[in-house]
Amino acid sequence: MADLLDSSMAEQNPPARFDYRPIMLMLVLGVTFATLLTQPYVLGLFCLAFGVLSLIYRLIQNWRAARQRDKRSTR
């Protein structure tokens, strides 16, 4: 029974740490959008920049997830 308990404890993932990046992203986007409401001609540039930053962020997240899967599969 002790071996079973030890093996199940070893297979559990460590607790997730708090990720502040989405909160910071939403804060920056909110301030930027509020600023753009006073200057609507810049809205197109904002949309382009938001799209590019979102794509980069998602690619980094996918890359990190793939690295974690690779680490787990080599164990």
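# Exercises on a three-helix model

The second largest pocket is lined by L25, M26, L29, F50, L53, S54, I56, Y57 and I60. Keep in mind as you work that this is a predicted model.

## Exercise 1: The pocket and its helices

Find which elements give two or more residues to the lining of the second largest pocket, and which element gives the most.

Solution.
- Step 1. Start with the overall layout: the protein has three helices and zero strands, in the order α-α-α from the N terminus on.
- Step 2. Place the lining on this layout. Two or more lining residues come from each of α2 (21–36) and α3 (43–74).
- Step 3. Look for the main contributor. Helix α3 gives the most, with six residues.
- Step 4. Add the volume: the second largest pocket holds about 160 Å³.

## Exercise 2: The character of the lining

Work out how many residues of the lining of the second largest pocket are nonpolar, polar and charged.

Solution.
- Step 1. Sort the lining by residue type; eight of its residues are nonpolar.
- Step 2. What remains is one polar residue and no charged one.
- Step 3. Take one lining residue, F50, as an example. F50 sits in helix α3, and its relative accessibility of 35% falls between the limits of 20% and 50%, so F50 counts as partly exposed.
- Step 4. Pair F50 with L29, another residue of the lining. Their C-alpha atoms are 8.2 Å apart in space, while 21 residues separate them in sequence.

## Exercise 3: A residue at the surface

Decide whether L53 is buried or exposed, and name the surface patch that includes it.

Solution.
- Step 1. Locate L53: this residue belongs to helix α3.
- Step 2. Compare its relative accessible area, 54%, with the cut-off of over 50%; L53 is therefore exposed.
- Step 3. Look at its partners on the surface. L53 joins L45, L48, V52, I56, I60 and W63 in a nonpolar patch with about 710 Å² of accessible area together.
- Step 4. Set this beside the whole protein, which exposes about 7,000 Å², with 68% of that supplied by carbon and sulfur atoms. Of its 75 residues, 5% count as buried.

## Exercise 4: A charged pair

Find how many salt bridges the protein has, and which side chains meet in a salt bridge.

Solution.
- Step 1. Recall the idea: side chains of opposite charge can pair when their charged atoms come close.
- Step 2. Count the pairs: there is one salt bridge.
- Step 3. Name the partners. The side chains of D19 and R21 meet at 2.9 Å, N to O.
- Step 4. Check their exposure. D19 is partly exposed at 29% relative accessibility, and R21 is partly exposed at 28%.

Note on methods:
Residues are numbered from 1 along each chain as its sequence is written. This is a predicted model: local features need pLDDT of at least 70, side-chain atom pairs count only at pLDDT 80 or more; totals for chains, interfaces and linings use all residues. Side-chain values use heavy atoms; hydrogens and water are left out. On a 1 Å grid over the protein atoms alone, a cavity is a set of points where a 1.4 Å probe fits but cannot get out, and a pocket is an open set with protein on both sides within 12 Å along at least five of seven lines; lining residues have an atom within 4 Å of a point. Grid points are joined across faces, edges and corners, and a volume is the space filled by probe spheres set on the points. Helices (H or I, at least four residues) and strands (E, at least two) are DSSP runs, numbered from the N terminus. Ala, Val, Leu, Ile, Met, Phe, Trp, Tyr, Cys and Pro count as nonpolar, Asp, Glu, Lys and Arg as charged, and the others, Gly among them, as polar. Patches are made of residues with over 30% relative accessible area and no salt bridge: like charges are joined within 9 Å, nonpolar side chains (Val, Leu, Ile, Met, Phe, Trp, Tyr) within 5 Å. Accessible areas come from the Shrake-Rupley method with a 1.4 Å probe; for residues, only the protein chains shown count as cover. A salt bridge is a side-chain nitrogen of Lys or Arg within 4 Å of a carboxyl oxygen of Asp or Glu. Buried means under 20% relative accessible area, exposed over 50%, partly exposed in between (1.4 Å probe, protein chains only).
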